[in-house]
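Visitor: I would like a close look at a single part of this model, with the terms spelled out as they come up.

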Amino acid sequence: AFTLYSLLQASLLIVNAVAVLHEERFLRHVGWGSDQGIGGFGEEPGIKAQLTNLIRSIRTVMRVPLIALNSITIVLLLLFG
């Protein structure tokens, strides 16, 4: 069934997938490494640079909260099936 809990669980899985992307193993092979897309001074960063910054910030900021959210999700699944 499509519930709020299943929507939250799906978003948690997506954030987990983004958090485990390794820059040197995966992102650099598809052209999304940290040295890619560096613009000049005053230029707006492109969509690729914005997405790589988003991925890098998710890995940095969400490391500890993801551990807690994953633990809570596992406990809820064990308790309520």
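Visitor: Does Phe80 count as buried or exposed, and at what relative accessibility? Please go on from there to the surface and the pocket around that helix.

Guide: The model is predicted, so local features need pLDDT of at least 70 and side-chain atom pairs count only at pLDDT 80 or more, while totals for chains, interfaces and linings use all residues. Residues are numbered from 1 along each chain as its sequence is written, and side-chain values use heavy atoms, with hydrogens and water left out.

Phe80 counts as exposed because its relative accessibility is 68%; the cut-offs are under 20% relative accessible area for buried, over 50% for exposed, and partly exposed in between, with a 1.4 Å probe and protein chains only. Phe80 sits in helix H4. Helices are DSSP runs of H or I with at least four residues, strands are runs of E with at least two, and both are numbered from the N terminus. The protein chain has four helices and zero strands.

Phe80 belongs to a nonpolar surface patch with Tyr5, Leu69, Ile72, Val75, Leu76, Leu77 and Leu79, and together these residues have about 770 Å² of accessible area. H4 supplies the largest share of the patch, seven residues. Patch residues have over 30% relative accessible area and no salt bridge; nonpolar side chains (Val, Leu, Ile, Met, Phe, Trp, Tyr) are joined within 5 Å, like charges within 9 Å. A salt bridge is a side-chain nitrogen of Lys or Arg within 4 Å of a carboxyl oxygen of Asp or Glu. Accessible areas come from the Shrake-Rupley method with a 1.4 Å probe, and for residues only the protein chains shown count as cover.

Now the pocket. The lining of the largest pocket consists of Tyr5, Leu8, Gln9, Ser11, Leu12, Val15, Leu69, Ile72, Thr73 and Leu76. Helix H1 (4-19) and helix H4 (63-80) are the elements that give two or more residues to this lining, and H1 gives the most, six residues. A pocket is an open set of points on a 1 Å grid over the protein atoms alone, where a 1.4 Å probe fits, with protein on both sides within 12 Å along at least five of seven lines; lining residues have an atom within 4 Å of a point. The space in the largest pocket is about 160 Å³, a volume being the space filled by probe spheres set on points joined across faces, edges and corners.

By class, seven lining residues are nonpolar, three polar and none charged. Val15, in helix H1, counts as partly exposed at 25% relative accessibility. Its C-alpha atom lies 9.4 Å from that of Ile55, 40 residues away along the chain.

Conventions:
Ala, Val, Leu, Ile, Met, Phe, Trp, Tyr, Cys and Pro count as nonpolar, Asp, Glu, Lys and Arg as charged, and the others, Gly among them, as polar.
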